[in-house]
Amino acid sequence: MVYYLTDAKHVNGYRFWVRFNTGEEGELDLKKALGGAPGRLGQRLQNDPEAVRDFYLDPWPTLAWKCGFD
């Protein structure tokens, strides 16, 4: 079985609620993944809380941000 996201919502900070195609759902803390991301894209997400909230599900579907981070 292939697992993929069907829905996601920003909770607060680096926390997101996600639902998978299997019906499983829960919260993820992406602080290490997003807050510790190297380079220009990572810095934007580290320094701008609004940027963390401004996400979407891309065609794969995974969490992605307009700054190019996914």
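These legends walk you through a few close-up views of a predicted model.

**View 1. Strands S1 and S2 form a hairpin.** Welcome to the start of the chain, where S1 covers residues 5-12 and S2 covers residues 15-20. The two strands run antiparallel and are joined by 6 bridges. One of these links asparagine 12 to arginine 15 in S2. Between the strands lie 2 residues, and glycine 13 in the turn has a positive phi of about 50°.

**View 2. Strand S2 also pairs with strand S3.** Follow the chain onward to S3, residues 25-29, which pairs with S2 in the antiparallel sense over 5 bridges. Look for tryptophan 17, whose bridge partner in S3 is glutamate 27. This hairpin has 4 residues between its strands, and glycine 23 shows a positive phi near 95°.

**View 3. Phenylalanine 16 meets phenylalanine 55.** The whole structure holds 4 aromatic pairs. In this one, the ring centres are 5.1 Å apart and the planes stand at 90°, so the pair is edge-to-face. The two rings come from distant parts of the chain: phenylalanine 16 sits in S2 and phenylalanine 55 in strand S4 (residues 55-57), 39 residues apart. Are these residues buried or exposed? Phenylalanine 16 counts as buried because its relative accessibility is 0%, and phenylalanine 55 counts as buried at 17%.

**View 4. Ring pairs build an aromatic cluster.** Here you can find Phe16 and Phe55 again, now together with Trp65 and Phe69. Ring pairs link these four residues into a cluster.

Methods: Residues are numbered from 1 along each chain as its sequence is written. This is a predicted model: local features need pLDDT of at least 70, side-chain atom pairs count only at pLDDT 80 or more; totals for chains, interfaces and linings use all residues. Side-chain values use heavy atoms; hydrogens and water are left out. Two strands pair if DSSP finds at least two bridges between them. Rings of Phe, Tyr and Trp (its six-membered ring) pair if their centres lie within 6.5 Å; planes under 30 degrees apart count as stacked, over 60 as edge-to-face and the rest as tilted. Buried means under 20% relative accessible area, exposed over 50%, partly exposed in between (1.4 Å probe, protein chains only).
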